[in-house]
Amino acid sequence: MKKLTFSSIFSQLLLLIFVIVWIVPTFGLFISSLRDKDVLAISGWWTSFTTTEVNEIYRTEGNESQIKEGDHYYIKGNLFGEDKGKQIFRFGVTSKNIDEFEVGDKAMFKDKTEITVFENGDYIWKSQEEFKKKKGKRVFVSAKSPPSFTLDNYKEVLFKEGLGQAFLNTFAVALPSTIIPLIICSFFAYALTWMKFYGRDILLASIIASLVVPLQMSLIPILTVYNDFGALFGVAAKSYPGIWMAHTGFGLASTTFLLWNFLKSLPSEMMEAAKVDGATHYDTFLKIVVPLSIPAFASIFILQFLWVWNDLLVGLVFLDKHPSEIILTAKLKELLGSRGENWEILTTGAFVSMTVPLFIFFSLQRYFIRGLVAGSIKG
Amino acid sequence: MNIFSLATTVLIGVLFFIAFFHLSNFLLDYFRIKAARKFALENSIRVIIFIGPAFIVLFVFIIYPVFETIRLSFYDKQGENFVGLHNYAWALNDPDFKRSIINNLGWLLVVPTLSTFFGLVIANLADRAWWGSIAKSIIFMPMAISFVGAGVIWKFMYDYRGPGDQQIGLLNAIAVSLGFEPQAWLTIPIWNNFFLMAIMIWIQTGLALVIFSAALRTIPSETLDAARIDGASEFKIFWKIIIPYLEQTILVIWTIITLLVLKVFDIIYAMTNGQWQTEVLANLMYDWMFRGGGDTGRGSVLAFCILIGVIPILAWNLYRHKQDQKV
């Protein structure tokens, strides 16, 4: 251990501040996705770790559930619906005085009916006459709400909001869009490195140039080509194979460039030796180059996979928005528009879309970083 | 579609390409044994098999579209009639276009600078702390998240409730606890751009960080030790030794982030969709691709503007590549 000097304490403190600023937004999202949706809408996520006091309004049940005992009519139930671990400490029956009564007290509504609310939300509502109204009455409660977390939001988002399907769709887009360029580009990069042919240098230069060409340059012409192709053969213009090829095209330059960079570093004696032994280029490729390139493949696979998984623009342009094709990012954007105030759905949806990238990130971080450092410049 | 039909589609798609390469090479080898060894011919067929698919994809998806987009920028809405510079004239007079150019310039100035700066500072700090690698992981993590996901994360941070209500957005909660009025951050013109840029900086700092940390290890420790023995402060070492040493790396990171920023789309599209004066070129282009049935002419002009921003970097990359080839 180094000595604790002033400067090292200062630098650690500074680093800690950076780390906190960087982690807090994601952490807040994660915590929010686990909170009850009613609480989420009215209190900050940072309050969810402590017991908080909340003022809430609930409605009793209506006349359907009344029972007659002796001379009186009763409606019994729980304000929370079920016991949620909240502790009521005061309650009220008018909006002017929302904490008029202690739990256990008898409170009188305007129509002379009497209600008693207990700590866990149970209530007994008593009346001399039969209850007439279908709708219950409002009860105001001040409750202590202990920290509570739930997976309900995930269930809702995955199965009701259609994010589960979008999740599968994204896989169906991302896997081929990663594997196909890897196959095509490994042959391409091999040819660029070890084969001699006319125009190789120009091809290489155009790869370098394509690295930085913005993908926006391709959108309009490719979309036109797809529409014409679709009309000509009577197939859908927007389809999975279509987006695979689009992603292959947009990822081609960077994949080839990274592979070419890697293959260059392999010893050329090995290729010479294989050639002398009578191996064809295909043999050399399969038996020497591919096994040696596995780490490079891993890095490139991760980069391209994450890029495709996280992409929004290509998915929007080349896939339809109906449920069988929509990808996660497009779905999330759609929810941002239509369910902008339902934070339980948005936070959970965002976290669902992040699960796969985060899993890859934490399990394969080494390859991810290696790929980036190898000079990723994405077109 | 259910999971099986999706899986089948995926499998067929991938197998198609494997089969292509395997079969074509297999056939070539098979006939080579039979026919006389025409080595030159065999070689050129092999080259075609190896580079063919990639070349076709490169041509169809990059090379052809670049020229087609430039051509379309001189044509009308449907791309049928030549209109000369009409679309460019439209762009110059369009308030949204002007706004986009100004905003894009702002993004170009702020985001690469701050991301690179934070990345460099954090890489240095993390290098010296025993928990540095954990810190780096955390700061690098946003790199794995989609821009839309990051958009949701930050929209939640910026969430606004009326002054009387409890704030559920962290930024407003902090503002209120310090005695300020809560603000709808994303709707305040000019400043909202910076709140959007913050998201990009939050993401890209991680990229700068990992590349810098790899580069920092290449600085010879003797140099640093010698400076320390001579009594240089850490601050001075940072400015006088580390930064000059990392000049090339800084330039590379700067260009990578600049390229990303030029094309910034997802964040704007998801957060404000260009409202409240946050429009940028890529979002405007997407808008024109579909607005009123789509206008390929105007869309192409906007895409071309993004390309113009890239050209200096393109030229520099090609120049460096040429230098490398000579060695």
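Helix H7 of chain A has a kink of about 50°, centred on Gly251(A). The model is predicted. Chain A is assigned three domains: domain 1 (6-47), domain 2 (51-146) and domain 3 (154-373). The points below cover that helix, the contact between chains A and B, a set of paired strands in chain A, and a loop in chain B.

**Helix H7 of chain A**

- H7(A) covers residues 240-264, and its 25 residues should span 36 Å at 1.5 Å a residue.
- The end C-alpha atoms of H7(A) are 34 Å apart, which agrees with that expected span.
- Because 20 of its 25 residues are buried, H7(A) is largely enclosed by the rest of the structure.

**Domains and the contact with chain B**

- The centres of domain 1 and domain 2 of chain A, taken over C-alpha atoms, are separated by 38 Å.
- Chain A puts 88 residues into the contact, and chain B puts in 85 residues.
- Elements giving two or more residues to the side of chain A that touches chain B include helix H4 (163-194), helix H5 (200-212), helix H6 (216-233) and H7 of chain A.
- Helix H9 (281-310), helix H11 (328-338) and helix H12 (343-373) of chain A are also among them.
- H1(A) supplies the largest share of this side, 15 residues.
- By class, the side of chain A that touches chain B has 63 nonpolar residues, 24 polar residues and one charged residue.

**Paired strands: S2, S3 and S8 of chain A**

- Strand S2 (residues 67-69) and strand S3 (residues 72-78) of chain A run antiparallel and are joined by three bridges.
- Within this pair, Lys68(A) is opposite Tyr73(A) of S3(A).
- Two residues lie between the strands in the hairpin of S2(A) and S3(A), where Gly70(A) has a positive phi near 65°.
- S3(A) is also joined to S8(A), antiparallel, by six bridges.
- In that second pairing, Tyr73(A) stands opposite Ser127(A) in S8(A).

**Paired strands: S6, S7 and S8 of chain A**

- Strand S6 (residues 106-108) of chain A runs antiparallel to S7(A), with three bridges joining them.
- Ala107(A) has Ile115(A) in S7(A) as its bridge partner.
- The hairpin formed by S6(A) and S7(A) has five residues between the strands, and Lys112(A) in its turn has a positive phi of about 70°.
- S7(A) and strand S8 (residues 122-127) of chain A are antiparallel and share four bridges.
- Thr116(A) is opposite Ile124(A) in S8(A).
- The hairpin of S7(A) and S8(A) has four residues between its strands, with a positive phi of about 105° at Gly121(A) in the turn.
- Side chains alternate along S7(A) (residues 114-117): Ile115(A) and Val117(A) point to one face and are buried, whereas Glu114(A) and Thr116(A) point to the other and are not.

**The loop between H12 and H13 of chain B**

- Asn273(B) lies in the loop between helix H12 (266-271) and helix H13 (281-290) of chain B.
- Although Asn273(B) is not a glycine, its phi is positive, at about 50°.
- Asn273(B) counts as partly exposed because it has 16 C-beta neighbours inside 10 Å.
- Gln277(B) is found in the loop between H12 and H13 of chain B.
- Gln277(B), a residue other than glycine, has a positive phi near 60°.
- Gln277(B) has 18 C-beta neighbours inside 10 Å and therefore counts as partly exposed.

Technical notes. Residues are numbered from 1 along each chain as its sequence is written. Chains are lettered from A and ligands numbered from 1 in the order in which they are written. This is a predicted model: local features need pLDDT of at least 70, side-chain atom pairs count only at pLDDT 80 or more; totals for chains, interfaces and linings use all residues. Domain bounds come from an automatic or database domain assignment. The expected span of a helix is 1.5 Å times one less than its number of residues. The bend at a residue is the angle between axes fitted to the seven residues ending there and the seven starting there. A residue is buried if 20 or more other C-beta atoms lie within 10 Å of its own, exposed if 12 or fewer, and partly exposed in between; C-beta atoms are placed from the backbone. Two strands pair if DSSP finds at least two bridges between them. Two residues are in contact if their C-beta atoms, placed from the backbone, lie within 7 Å. Ala, Val, Leu, Ile, Met, Phe, Trp, Tyr, Cys and Pro count as nonpolar, Asp, Glu, Lys and Arg as charged, and the others, Gly among them, as polar.
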